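Visitor: Could you walk me through this one? I'm new to reading structures, so plain words please.

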Amino acid sequence: MAMLELNGLRKNFGATEVLRQIDLSLASGEMLVIVGASGCGKSTLLRIVAGLEAPSTGTVVLDGRDVTSLDPAARDIAMVFQNYALYPHMTVFDNMAYGLRIRGLSRDEITHRVREAAELLGLFEFLERKPRQLSGGQRQRVAMGRAIVREPKLFLFDEPLSNLDATLRVRTRAEIRRLQRRLGVTSLYVTHDQVEAMTLGDRLLVLHKGRPAQLATPMEVFERPADTYVAGFIGAPAMNFLPARLADLGDSARLDAGPLLHCIDGRRAGDEGTALTIGIRPEHVLIDPEGVPLRVDLIEPLGSETLVHGRLAAPGETSLVIRLAGKAPDGEILTIAFPPEHIHVFDAETGLRLD
Amino acid sequence: MNARRDPVAHAVLLLGVILFVAPLWLVLVASTQDPATIARGDLSLLPGNEGFSAYARVLNGPVPHMLLISLGMALAIAFGKIIISVLSAFAIAFFRFPGRRVAFWLIFITLMLPVEVRIIPTYSVMSDLGLINTFTGLWLPLIASATATLLFRQVFVAIPDELVEAARMDGAGPLRFLWDIVLPVSGANIAALFVILFIYGWNQYLWPLLVATNPRLDTIVIGIVKMIAVETDTDWSAVMATAVLALLPPVVVVVLMQRWFVAGLTEGEK
């Protein structure tokens, strides 16, 4: 059963369209990650679900109830803010208890819930501290605790890890996922970090300029990106794009750089000579003595692997990044090949995937 | 640069200290002198031989009552100003309502009108309300404060949006939000402003002089002036002793509140 449904959400700020037509349905217990570059409207979407912002059109339905016009507090939703937004003058206990007190829960019930959440988050010994006496990671957990004690129908996360240092981020990421699974609360998680998006989500929604570019499982988004934007956004280093034209009645793509790539997964529709964009991930490019020459600009050794930045000789001097296991071979010029089983075919004009 | 070895800085500081301390010292010294000595004009720079007898004299007179009136007035003005300006700043900072900008600018414009400019209409209003020669009349017209409203607006605007939103998600209504979040978070600013407003109230002269002719409502400031106004033989050591007494409450407020708002400043992480 759908826990959260967004129907035809749009949001305009004056003449600017921030969100255009968002339709979404979350199953109970599902974690959906909304990912996109800054300014794509992902935070606005989250704030509309939270009730902090009203949509221009469309409805938000939570557990079968239309909550579009309800106050945030009446929606049974809890939110973890990017800067945690802890009340600076209250102790950790009071920070978590505040919302419950307003709801008029009994003192025993509040103490019970807060202690349980504190136990779960390893905050037990900090309950009497003020937020300023805590580290960034601890504050983050208090913010989580404040959401958990509410026992809401829906969790909202607004880039909760972006203020943590790299090591802590990795650890907290795993913690959030474990916690969310364990509590089984439906969650909406906003981030601009593609690693968070890949690891946390049951499904991903990639937003691009307020439009849903793709909604699918993380692996599907990675393996079959819906358009060149998604293809370039998910995966690091980003996918390489090469200009090409449709050839052999749609059976192959002729790279402007020379090679003819056979579309092994089937014929593409379109006229002979239609402009295409061929995408290939850096790790899929091979060194091949028979291949096309690549002029090397820069070599970045990462230990177990090496990134090579270079340009194709001709035409257009398309720049490429390739990822090689081990060390890069010596030489100013490498010859490379593009294995047909790893290429993605996009329409050059619309950027959409061609299958 | 090593500040310890900067003679110019030291000299300037020393000059400043002398400028501030010298008059206080003179008042203290004079309060321990024999009134006749002061009247002759040969005021010594060392304490006289009267000790604290002048203090005993004035404390048995009307001075304690005057101190009480001043204290009541200063507290009423300070609290009144804080309550009114916190409420109006809260409205201006957190709510979108029609006429919000107009209200803001009206408050802003009144900043430019000191008490003296509107003193005649104010007097007439107080007279219509029958508040002339009452204690309420002393403080009531002085509790609206554009300056404090603007200061609080700045403080409130600086409260992070996320904190406001977190409180909304937690279900706090406007008044609850004001009481539970805004006021504690702005504690340091309120304390600082309280000190300034208390001293402002304590030092009021013109308005109490106009509105209260009953000697029972004399503030300490007015009391001192009246003591000097006895033309022939002013009891100068009593005047000085009263002046010292009049100094004490503001000093106490500053000292007490200083500790309070330093604590507030270090705790209040926004």
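Visitor: What distance separates the centres of domain 1 of chain A and domain 2 of chain A?
Guide: Keep in mind that this is a predicted model. Chain A is assigned domain 1, covering 2-232, and domain 2, covering 238-347. Taking the centres over C-alpha atoms, the separation comes to 39 Å.

Visitor: And how many residues does domain 2 of chain A bring to the contact with domain 1 of chain A?
Guide: Start on the other side: domain 1 of chain A puts in five residues. By class, those are two nonpolar, two polar and one charged. From domain 2 of chain A, the contact takes seven residues.

Visitor: Now the two chains. Which helix gives the most to the side of chain B that touches chain A?
Guide: Chain B and chain A each put 17 residues into their contact. On the chain B side, α9 (161-170) and α10 (174-185) each supply at least two residues. The biggest giver, with seven residues, is α9(B).

Visitor: Which strands sit at the edges of the six-stranded sheet in chain A?
Guide: The sheet is open, and its order runs β6-β7-β8-β3-β9-β10. An edge strand here pairs on one side only. That picks out β6 (77-80) and β10 (211-216) of chain A.

Visitor: Which residue stands opposite A:Val33?
Guide: Strands of a sheet can pair parallel or antiparallel, through backbone hydrogen bonds. In chain A, β3 (residues 31-35) and β9 (residues 203-208) pair in the parallel sense, over four bridges. Facing A:Val33, in β9(A), is A:Leu204.

Technical notes:
Residues numbered from 1 in each chain as written. Chains lettered and ligands numbered in written order. Predicted model: local features only at pLDDT ≥ 70, side-chain atom pairs only at ≥ 80, totals over all residues. Domains from an automatic or database assignment. Contact = placed C-beta atoms within 7 Å. Nonpolar A, V, L, I, M, F, W, Y, C, P; charged D, E, K, R; others polar. Pairing = 2+ DSSP bridges.
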